[in-house]
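Me: I would like to go through this protein model with you, beginning with its cysteines and then turning to one helix and the nonpolar interior.

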Amino acid sequence: MRAQFVLSEIGVGLRRNLTMTVAVIVSVALSLGLFGASLLMRDQVSTMKGYWYDKVNVSIFFCNKNDAESGNCAKGAATQQQKDEIKAELDRLPLVQKPVVYESSDEAYKHYKEQFGDTPVAGLVEPNQLPESFRVKLKDPTKYAVIKTAFSERPGVQEVQDQRNTVEPLFNLLNGMNIAALCVMGLMLVVALMLIVNTVRVSAFSRRRETGIMRLVGASSFYIQMPFIMEAAIAGLLGATFACVLIVGGKYVLINNWLAKKIQVINFIGWDSVAAVLPLVLLIGLLMPALAAFFALRKYLKV
């Protein structure tokens with residue numbers, strides 16, 4: 001009988017405040033959708049960093065005869081002895097993965113042509129203008145400063161370049177987008193909580209006569225509060241369900257069927273990452289409105 005009464009009260013409350021309930025569902029869905037998307041974006045950035053940092057190299061470029069005679073290149077092109085000494089030192093360093101790859105000017109020009117193809121830029125460079133280099137892969141890419149410090153001032157070395165600088169702006173952009181999504185999510189979450197509290201207060205005010213009678217017959221505070229808490233929890237759970245639909249749809253449409261086909265060099269997150277986020281979204285969608293309703297009702301439904 002008690003369970004039937006609670007369920008009937010939940011149905012009455014949802015029907016009476018239908019507009020505000022729909023607003024709660026939409027705001028919870030949007031805020032938790034952004035929350036889930038921000039978690040997935042964080043995983044995507046971590047995946048991309050692991051993928052690209054494992055592939056990028058540190059390049060030690062040597063002086064050639066076309067370089068200005070200043071700094072390390074004051075004595076002209078790097079000699080074979082200088083290259084051999086640097087190669088030997090690289091082979092002895094424990095943080096360097098073996099083998100160290102040598103790239104000649106002709107090989108550098110070939111890669112340059114492959115990169116720029118038939119564009120006008122491709123004809124601006126001659127093979128003898130591109131420097132020889134060692135391509136060094138590090139066991140820990142963050143230790144780039146060790147290589148730079150050890151070799152950047154060596155005679156015959158034009159420059160020590162970390163290829164991470166090429167992909168770092170992309171990671172910074174993605175991290176910035178993630179922070180922006182979290183800020184919008186926080187704003188939407190505040191709006192959702194305010195709607196939940198106001199919905200519960202309106203519902204409690206509209207049923208003040210029934211709750212007064214329940215007080216007189218000795219009903220406990222928890223029993224009186226239960227219908228209101230369950231209303232908020234159901235609305236939040238519906239919003240979280242819609243958020244899960246948005247997340248799954250975004251993964252399927254935006255990532256699998258669009259980005260993965262347009263940008264094939266990026267290793268995108270899989271469905272396992274989505275599956276790990278969905279239970280958290282549902283749990284927050286259930287508990288957040290229920291707790292908000294519980295604390296909002298304490299001053300209105302005291303026995």
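Me: Which cysteines form a disulfide, and how far apart are their sulfur atoms?
Reply: This is a predicted model, and a search of the whole structure finds 1 disulfide in it. The bond has an angle of -80° about S-S, so the link is left-handed. The partners are C63 and C73, with their sulfur atoms 1.9 Å apart.

Me: Is C183 buried or exposed?
Reply: A residue counts as exposed when its relative accessible area is over 50%. By comparison with that cut-off, the relative accessible area of C183 is 52%, and therefore C183 is exposed.

Me: Where around the axis of α3 do its buried residues lie?
Reply: Helix α3 covers residues 80-92, and its end C-alpha atoms are 19 Å apart, which agrees with the 18 Å that its 13 residues should span. Its buried residues are Q82, K83, I86 and L90. Because they cover an arc of only 100° around the axis, they lie on the same side of α3.

Me: Which exposed residues does α3 carry on the face turned away from its buried side?
Reply: The buried residues of α3 pack against β1, β2, β3, α5 and β4. On the face turned away from that buried side, the exposed residues are Q81 and R92.

Me: Which residues touch the most other members of the largest nonpolar core?
Reply: This core has 31 residues, and α2, α6, α8 and α9 each supply at least two of them. Apart from it lies another core, of 17 residues, including I60 and F134. In the largest core, the residues touching the most other members are V28, I196, V200, I247 and V281.

Notes. Residues are numbered from 1 along each chain as its sequence is written. This is a predicted model: local features need pLDDT of at least 70, side-chain atom pairs count only at pLDDT 80 or more; totals for chains, interfaces and linings use all residues. Side-chain values use heavy atoms; hydrogens and water are left out. A nonpolar core is a set of buried Ala, Val, Leu, Ile, Met, Phe, Trp, Tyr and Cys residues joined through side-chain atoms within 4.5 Å. Buried means under 20% relative accessible area, exposed over 50%, partly exposed in between (1.4 Å probe, protein chains only). Helices (H or I, at least four residues) and strands (E, at least two) are DSSP runs, numbered from the N terminus. The expected span of a helix is 1.5 Å times one less than its number of residues. The arc is that of the directions from the helix axis to the C-beta atoms. Contact means heavy atoms within 4.5 Å. A disulfide is a pair of cysteine sulfur atoms within 2.5 Å.
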